[in-house]
Amino acid sequence: MTALPILALALAACTETPATSDTEATSAGTTGTTGTASATATDATSDTPTTDTPTTDTPTNPSGSTSDATTSPTGQSTTDSGGADVTIYDVQMGKFAVDDVVTIKGVIVTSPVKLKDLKGTMFVEEPEGGEYSGIAVYMYDEVTAALDAPPGSIVDITASYSEFFDNSQLVVKAVGDITVVGQGQVPAPALVQSADIATGGPKAENYEGVLVEIDDAVVTDPAIDIGQFEVEGGARVSDYFLFDLGQAPKPKQGDVYPTVIGPLLYSFDQFQIAPRSLADLGDPGDTTGGTTGDTTGGGMSDTIYDIQMGKFKLMDPVALEGVIATSGLTFKKDGFFVQDPKGGEYSGIFVYIGANMVTVAPGDVLNISGTYDEFFTYSEIKVAKPADIIKTGTAPVPAPAVVTSAEVATGGAKAENYEGVLVQVKNAKVSAAIDMNNEFIVDTKLRVDDLFFAKADWVAPKIGDTYTSITGPLAYTFDNFKVAPRTLADLVK
C-alpha cells in the first residue's frame, strides 16, 4: 500500500498481444537469402495486422516445404535426431538443408519466451558467442507449457531446421525434444556497430539470432515503423518483447541510449534488435556510456522503494530486477512476496499472479515485469503471464526487520513503511484466539494470518500463550495489517 494516496482496485490493462503468424514470431535468415521472400505474416512487432497471413500451422520456408518432425499421440517425439551432435554455428553457416533434423547440446537460453496462441519463440546461443552463434527456437504449445527455461538455462535440443520467411529457426514439436540440463551465464552481448547489423549491413546475417549490443545509440527516427525506432547507422530497435510487457519505449528524435541490447531478429525484411526488458535499454537521459558485457543495460529497472513510496501511478508498467522472493506461493497459489536485497522500510511488495502457473521459492532472485496496482489499498505488482517472472539465481533471504507489534499493527506508526516486508515480532503474547477469519491477535493489536496455510495445518493458540518470535511478510487485507508466517518454523514458542 503506497504511503501516499489510497487507490481503488483496478484490473491490469491488457493491450492486445502484437499479432504474429500462427507459427512464428520473427522472420530472419542467415543462409544468404534474406529478403527474397515477401513478408506476408502479421508483423511480430506490430499491433496492426497486415494481410495475407499464412494459414499453415507448421513453420515453412519461403518455397513452402515443411518440417518432417511429428509427434506421437502420447506426445513423444518421432523425429530422427540425426547422427552426431551439431552446433548452431553449423546450422547458421548453411551446413544443413531445410527440414533436416539436428541435435544441438549445451546451448544457453538468452531471452524469455515470446508467446503467441500458446506457442512460443525464444533465442539460444552457443556459450562461446560470436558470429553465427545464435538462433531462434520455435516451440509448439505443449512444449512451451512444459518448459521452464529462463535466460541462463543450458538446454539440449532436437529440432528440425526451418527458414520461416528467411528467418532461421529450430522447430520443436515434442516435449521430450528440449531438455534443461543445467544453469549457466548468458553470453555477453557482442558489441557491434549500428551500420554493421542494420538491414543490408555487412554483419547482419552473421549476427542473426545473436545477443548484440550497440553503445551510444542516437535516435534518428523515433517511429520508423509500428513498434520500431531507428538509430544512427540504420539499426532498428523493436518492441518484440517489450510490447507484451507494456514497456514499449517512447524515444524522441535525438535521444541517446547508452546501450541497446537484445537478440538480433529479422521480421518483414528488416533486421531489428529486440530488447528483452527496459533494462536492455539504457536511460536515454544517461550519457555515461555503454555497458559492454553487462546485460543489465544501463540501470532502467524500477525499484520496490520507488513503488511503495508513491512514485508510480496506478497501472503504470514496472520492471524489477534482482529482487529476492521472501516467500513461496500463498495457499491459494495466487501470489508471493519479494523484497529488495538491501531490505528496510518500503523494500517489500506482494506479486499477484492470479491463475498463472508459477513456481517460486524463498531465495529465488527474480526479474519481474508487470503493472502496479492497489487491491483495496494493498500494493501489489500484477503479472500477466509466467514469462514475466524470470529466475536469474538464488540468494539468502533478507533478514526480517525486527519490529514491535504496536509499530506494524493496523494504525501503527511503521505499518505503511513495512507493508510487504519480511518482519519479526518478539515475545508476542496471544490476546485473542482464532476468529472466523482464522486469525489470532497478539499484544492486543497485531493480527497473525493463515495466508500460507491450509486450515487443517494452521495453529490454534490459547489466550495467554507466548511466542518467542513470529516472522512473516506484513500483509494487508480487509482493512488490517497482518503478519503472515510462511511455515510453522516462523512461529517459535
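**Note on packing and ring contacts**

1. In this predicted model, Y140 has a relative accessibility of 12% and therefore counts as buried, the threshold for that class being under 20%. Y138 falls in the buried class as well, because its relative accessibility is 2%.

2. These two tyrosines also bear on the aromatic contacts, of which the structure holds 14 pairs. The ring centres of Y138 and Y140 lie 6.0 Å apart, and their planes meet at 80 degrees, so the pair is classed as edge-to-face. F375 and F376 make another edge-to-face pair, so classed because their planes stand at 85 degrees, with the ring centres 5.1 Å apart. As for the surroundings of this second pair, F375 is partly exposed at a relative accessible area of 39%, whereas F376, at 55%, is exposed.

3. Other ring arrangements deserve a line in the same review. A single aromatic cluster is formed by F337, F350, Y378 and F452. Two lysines are placed over tyrosine rings: the charged end of K114 sits 5.1 Å from the centre of the Y240 ring, and K493 lies over the face of Y467, at 5.4 Å from the ring centre.

4. Turning to the overall make-up, the protein has 7 helices and 26 strands, and 56% of its 493 residues count as buried. Among the contacts with a separation of 6 or more, 67% are between residues 24 or more positions apart. The accessible surface comes to about 19,500 Å², and carbon and sulfur atoms account for 54% of that area.

5. Which residues touch the most other members of the largest nonpolar core? They are Y418, F440, V442, I470 and L491, in a core of 31 residues. At least two residues of this core come from each of helix 7 (415-418), strand 21 (422-432), strand 22 (440-442), strand 23 (446-448), strand 24 (466-477) and strand 25 (480-483). Strand 24 gives the largest share, with 5 residues. In soluble globular proteins, nonpolar side chains tend to be buried together.

6. I470 shows how the surroundings of one such core member are composed. Once its neighbours within four places in sequence are set aside, I470 is in contact with V423, Q424, V425, A428, V442, V448, V483, P485, D490 and L491. Another core lies apart from the largest one and has 24 residues, including A204, I214, L264 and I273.

7. The last site to examine is D340, in the loop that runs between strand 15 (335-339) and strand 16 (348-352). Is D340 buried or exposed? With a relative accessible area of 10%, D340 is buried, because the buried class covers values under 20%.

8. The side chain of D340 takes part in two polar approaches that can be checked in the coordinates. One is a polar contact of 3.4 Å with the side chain of Y305, and the cut-off for such a contact is within 3.5 Å. The other runs from the side chain of D340 to the backbone nitrogen of K342, at 2.9 Å. Leaving out residues up to four places away in sequence, D340 touches I304, Y305, S347 and P398, so that Y305 appears both among these neighbours and as the partner in the side-chain polar contact.

Note on methods
Residues are numbered from 1 along each chain as its sequence is written. This is a predicted model: local features need pLDDT of at least 70, side-chain atom pairs count only at pLDDT 80 or more; totals for chains, interfaces and linings use all residues. Side-chain values use heavy atoms; hydrogens and water are left out. Helices (H or I, at least four residues) and strands (E, at least two) are DSSP runs, numbered from the N terminus. Buried means under 20% relative accessible area, exposed over 50%, partly exposed in between (1.4 Å probe, protein chains only). A polar contact is a pair of N or O atoms within 3.5 Å; within protein, one must be able to donate a hydrogen and the other to accept it, and residues adjacent in sequence count only if both atoms are side-chain atoms. Contact means heavy atoms within 4.5 Å. A nonpolar core is a set of buried Ala, Val, Leu, Ile, Met, Phe, Trp, Tyr and Cys residues joined through side-chain atoms within 4.5 Å. Accessible areas come from the Shrake-Rupley method with a 1.4 Å probe; for residues, only the protein chains shown count as cover. Rings of Phe, Tyr and Trp (its six-membered ring) pair if their centres lie within 6.5 Å; planes under 30 degrees apart count as stacked, over 60 as edge-to-face and the rest as tilted. A charge sits over a ring if NZ of Lys or CZ of Arg is within 6 Å of the ring centre and within 35 degrees of the ring normal.
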